[in-house]
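Trainee: Could we go through this one together? I would like to begin with how the chains meet.

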Amino acid sequence: MRAGVLGELMTPEAMVAAIVGLRARGYRRIDAFSPYPVHGAEEAAEMKRSRIDWIVFPFALAGAGAAYLLQWYCNAFDYPLNVGGRPLHSAPAFIPITFEMGVLTAAIVGLIVYFALTGLPELWSPVFEVEGFERASIDRFWVGVDAGDPRFDRAAVEQALVELGAARVAWAGPRWAP
Amino acid sequence: MNVDRTLYRGGDRLLRLSIALAALGAFGLTIGAFVNRQQLFYAYLTAYAFAVSIAGGALIFLMIGHAMNAGWPVVVRRLTETIVASLPLLALLFVPLLFGLHTLYPWTRPETLGEEGMRSVLAKRAYLNVPFFVIRAAIYLAVWVAIGTLLRRWSLARDADPRIDTGARMRALSAGALPAVAITFSFASFDWLMSLTPTWFSTMYPVYWFAGGFVAALALLVLLTFEAQAGGWLPEISLSHYYALGRMLLAFVIFWAYAAYFQFFLIWIANRPDEVTFFADRARGPWLTLSVVLIVAQFVAPFFILLGYRIKHRPPQLAAVAAWILAAHYLDVHWLVMPAVRPRAPFHWLDLAALLAVGGACTAFSATRLRGRPIVPLHDPELPRALRYESR
């Protein structure tokens, strides 16, 4: 979250209830911070499944294909070498490396895409400036609405969070924002 | 949970259908006994190996579940036990094979194998002889039937009376007997299938046989789960359970491909005359086509289909893939048995008759043994948690 309104809740149940309440009020870009994974929070926020698998899959195929092509190029085309009388283009012998390169490409691309999609590693975030936010990693549960939400209105969100039981409401982000 | 609602009383149609098909198959086999005894026994062995590999795979899955105190498999445990429940019948169905040993296994008549083959087989005579073969088969089947029967009986005893806590017993038996089952299952593949070509050997063979049987057992389990739920039983099964089953299916499709590929690869690259015969037989004429079909049917197609996330959350489609894998496993067993005897024409009408007879009989027998029983292990203390199992 680059900018938005945050509310502090005391219990995980209140956090899930606040997420449900915010969604019921029409907000869609909701974020939550808790010391541990809270059961039901993802469902309450109706988070969509990441599309990372579909991004990685073509890269895995390309990696495998490139590995096969390289072996063919080296062994059968550029420098034909007779190994024990086997055919120069020996598909069965190329399969282990083809498979391993497919897996390796998928893993590396998966890692890179994961960092790109999540914006990690994030050494500093505006939410860290909010007073008391450090307790999100101890015993408090924070729920926020991103300023990019189509229905975002700072006063309305603050009002909603208070109604949903937030003990404290704070603005995170640049001072000049709405 | 409502006890009455979980008692399985369905399956009338399945029972009638499977008995009718088994009778039809038995009729075909009877005709075959007069027409072509050689094809009859090979067809019967294929069908038998197909059925017994699935029952054995289910037994291993059941035992692993107990040994690991596995969570979600508790909801499908009774269905797994139902597949395992066919083992006593399969032990009985082994008897007809005893009348065909001389037809099936060349090591019973080494004089027909040529000088080199005869020398190789005579050297293995201490192991490959009819009395010892029969004793070993009896041991394998006795071990499987005993373990399967005990696990099922204890599981049902707790359903009848929750005060009888058989959980620790089932776990101890499963953990203790898994090595015995692994060894007997491996040697069964040596005896019943690998010795069809007694001059050839592969140490990867039992792994390949286990991989095929295990993935087929999982596929049958998916089908049974889906059918039971479609029939109104097992309403508590959720998409998370299908997701878990689908992941297992994918994992063991890959495991089968791994075993199959490395068995082939090591033999291919070493290229030793006494080892390559197995694959040379399967790379000639119509068998080359069937080998390619097998690779696509048992690995390539199910792998890419099951790789997706959504398919594992769509029970009808997952069940269709499971049925496909089951058919591919039959082709796999056929591919193991037949090339030695049918170099030109891979299929014979007796194959279908044998499959109907053995498959129909096992289905009817298992279905009968499930009727009137709870369709889930009712009083397993883990059941409520297994039903709540969630995985996204």
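Trainee: Across the interface of chain B and chain A, how many residue pairs are in polar contact?

Mentor: This is a predicted model, and across the interface of chain B and chain A the rule finds 2 residue pairs in polar contact, both at pLDDT 80 or more. On the side of chain B that touches chain A, the elements giving two or more residues are helix H12 (239-270) and helix H14 (286-307) of chain B, and H12(B) gives the most, with 6 residues.

Trainee: And by class, what does that side of chain B have?

Mentor: The side of chain B that touches chain A has 9 nonpolar and 3 charged residues, with no polar ones. As for charge pairing between the two chains, the count is 0 salt bridges.

Trainee: How many residues are in contact, and what area do the two chains bury?

Mentor: In chain B, 12 residues are in contact with 14 residues of chain A, and the two chains bury about 1,200 Å² between them, of which 62% is on carbon and sulfur atoms.

Trainee: Sticking with those helices, where is B:Ser291, and is it buried or exposed?

Mentor: B:Ser291 sits in helix H14 of chain B, and because its relative accessibility is 11%, it counts as buried. Leaving aside residues up to four places away in sequence, B:Ser291 touches B:Arg282 and B:Trp335.

Trainee: What about B:Ser240, what does that one touch?

Mentor: B:Ser240 is in helix H12 of chain B and, at 9% relative accessibility, counts as buried. Again not counting residues up to four places away in sequence, B:Ser240 touches B:Tyr389, B:Glu390 and B:Ser391.

Trainee: Switching to chain A, in what order do its elements run?

Mentor: Chain A has 5 helices and 4 strands, and from the N terminus on they run β-α-β-α-α-α-β-α-β. The radius of gyration of chain A is 25 Å, well over the 16 Å that the globule rule gives for 178 residues, so the chain is more spread out than a compact globule. Taken along the principal axes, the C-alpha atoms of chain A fill a box of roughly 80 × 35 × 30 Å.

Trainee: And how much of chain A is buried?

Mentor: Buried residues make up 36% of the 178 residues in chain A. Of the contacts in chain A with a separation of 6 or more, 78% are between residues 24 or more positions apart.

Trainee: Which residues does A:Ala172 touch?

Mentor: A:Ala172, in strand S4 (residues 168-172) of chain A, is buried with a relative accessible area of 1%. Not counting residues up to four places away in sequence, A:Ala172 touches A:Arg2, A:Ala3, A:Gly4, A:Leu6, A:Pro126, A:Val127 and A:Val130.

Trainee: Last topic, salt bridges: how many does the structure hold over all chains?

Mentor: The structure holds 19 over all chains. In chain A, the side chains of A:Glu158 and A:Arg154 meet in one (3.3 Å, N to O), and these two residues are separated by about one helical turn because they are 4 residues apart in helix H5 (residues 154-163) of chain A.

Trainee: What about chain B, which residues are joined into one network?

Mentor: Before the network, note that B:Arg284 and B:Asp281 meet through their side chains in a salt bridge (2.9 Å, N to O). Salt bridges that share partners then join B:Arg77, B:Arg158, B:Asp165 and B:Asp380 into one network.

Terms used
Residues numbered from 1 in each chain as written. Chains lettered and ligands numbered in written order. Predicted model: local features only at pLDDT ≥ 70, side-chain atom pairs only at ≥ 80, totals over all residues. Heavy atoms only, no water. Contact = heavy atoms within 4.5 Å. Buried area = accessible area lost by both parts, 1.4 Å probe. Salt bridge = Lys/Arg side-chain N within 4 Å of Asp/Glu carboxyl O. Polar contact = N/O pair within 3.5 Å; in protein donor to acceptor, adjacent residues only side chain to side chain. Nonpolar A, V, L, I, M, F, W, Y, C, P; charged D, E, K, R; others polar. Buried < 20%, exposed > 50% of the residue type's maximum accessible area, 1.4 Å probe, protein only. Rg over C-alpha atoms; globule rule 2.2 N^0.38 Å.
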